[in-house]
Amino acid sequence: SEETVFQTEWFTIVKQLFRDGVDQTEKPFYIMKVPESSGVLATTVNGEIILVKQFRPAINEYTLELPAGAIEPSETPKQAAARELYEETGYRCSNLRLLSEGQTMTNRTNARPFTFLGLDAVVDPAFHPAEDIEVVLMHPQRLRSLGTSGQFRQHGVLGQLVLADWKFGTHLTQQ
């Protein structure tokens, strides 16, 4: 059985009972249920990676990350990725390719993010941001340096860079 114990517009915490494999007693387990999300690993026509800098209250810091957000009920993951890229950065890609569909933090959440690869993104000169997000364009070498020195801590982004190399031969981690 499942019982909702807390709910917000962004997530729901549910309690489920499960049988412990060691002593076979029934124990509660709490799961954070979130909507599916889509993000974009996009590069500009100059080969810069498009990142967004925004404040994250959970860690009380500004972070650099990929443009991403929840998939609306009427959208496909690809449509959501294109919308989020534009809403957060003003950039558009003519061709988005599915990079990954996976899980994150499987020990506590049902999160199922989709990530798309978009090359040769161009900015809309008429774009006016509606969110408090800073667009950061970064050469892959700089991101690699930040990642290897521990200054860039978004492990998911670093994983997507490697996957882009493996799956599409982008060479983003070798530049």
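# Briefing on a predicted single-chain model

Of the 175 residues of the chain, 35% count as buried. The model is predicted. The chain holds 3 helices and 11 strands. Along the principal axes, the C-alpha trace spans about 60 × 35 × 30 Å.

**Overall layout**

- Read from the N terminus, the order of elements is β-β-β-β-β-β-β-α-β-β-β-β-α-α.
- The accessible surface of the chain is about 10700 Å², and carbon and sulfur atoms account for 52% of that area.
- Among contacts in the chain with a separation of 6 or more, 54% join residues that are 24 or more positions apart.

**Helix H1**

- Helix H1 covers residues 77-89, which makes 13 residues.
- At 1.5 Å a residue, H1 should span 18 Å, and its end C-alpha atoms are 18 Å apart, so the expected and modelled spans agree.
- The buried residues of H1 are Ala80, Ala81, Arg83, Glu84, Leu85, Tyr86, Glu88 and Thr89; this list includes the charged residues Arg83, Glu84 and Glu88.
- Gly90 comes just after H1 and has a positive phi of about 85°.

**Nonpolar cores**

- The largest nonpolar core is made of 15 residues, and Leu41, Leu51 and Leu143 have the most contacts inside it.
- Four elements each supply at least two residues of this core: strand S5 (49-56), strand S11 (134-138), helix H2 (140-148) and helix H3 (155-168).
- Helix H3 gives the most to this core, namely 3 residues.
- A second core, separate from the largest one, has 13 residues, among them Val40, Tyr91, Cys93 and Leu96.

**Leu41 and Gln160**

- Leaving aside residues up to four places away in sequence, Leu41 touches Ile49, Leu66, Leu99, Thr115, Phe116, Leu117, Gly118, Gln160, Leu161, Ala164 and Leu172.
- One of these partners, Gln160, is found in helix H3.
- Gln160 has a relative accessibility of 15% and therefore counts as buried, the cut-off for buried being under 20%.
- With the sequence neighbours up to four places away again left out, Gln160 touches Leu41, Leu99, Ser100 and Thr115.
- Leu99 and Thr115 thus appear among the contacts of Leu41 and also among those of Gln160.

**Aromatic pairs**

- The chain has 4 aromatic pairs.
- One of them joins Phe6 and Phe11, whose ring centres are 6.1 Å apart with 40° between the planes, and this pair is tilted.
- Phe6 has a relative accessible area of 45% and is partly exposed; Phe11, at 24% relative accessibility, also counts as partly exposed.
- Another pair joins Phe55 and Tyr62, with ring centres 5.3 Å apart. Their planes stand at 65°, so the pair is edge-to-face, the cut-off for that class being over 60 degrees.
- Phe55 is partly exposed at a relative accessible area of 35%, whereas Tyr62 is exposed at 53%.

**Charges over rings**

- Tyr62 also lies under a charge: the charged end of Lys53 sits over its ring, 5.9 Å from the centre.
- Arg97 lies over the face of Phe168, 4.2 Å from the ring centre.

Note on methods
Residues numbered from 1 in each chain as written. Predicted model: local features only at pLDDT ≥ 70, side-chain atom pairs only at ≥ 80, totals over all residues. Heavy atoms only, no water. Expected span 1.5 Å × (residues − 1). Buried < 20%, exposed > 50% of the residue type's maximum accessible area, 1.4 Å probe, protein only. Phe/Tyr/Trp six-rings, centres within 6.5 Å; stacked < 30°, edge-to-face > 60°. Lys NZ or Arg CZ within 6 Å of the ring centre and 35° of its normal. Core = buried A, V, L, I, M, F, W, Y, C linked by side-chain atoms within 4.5 Å. Contact = heavy atoms within 4.5 Å. Areas by Shrake-Rupley, 256 points an atom, 1.4 Å probe, with all protein chains shown as cover.
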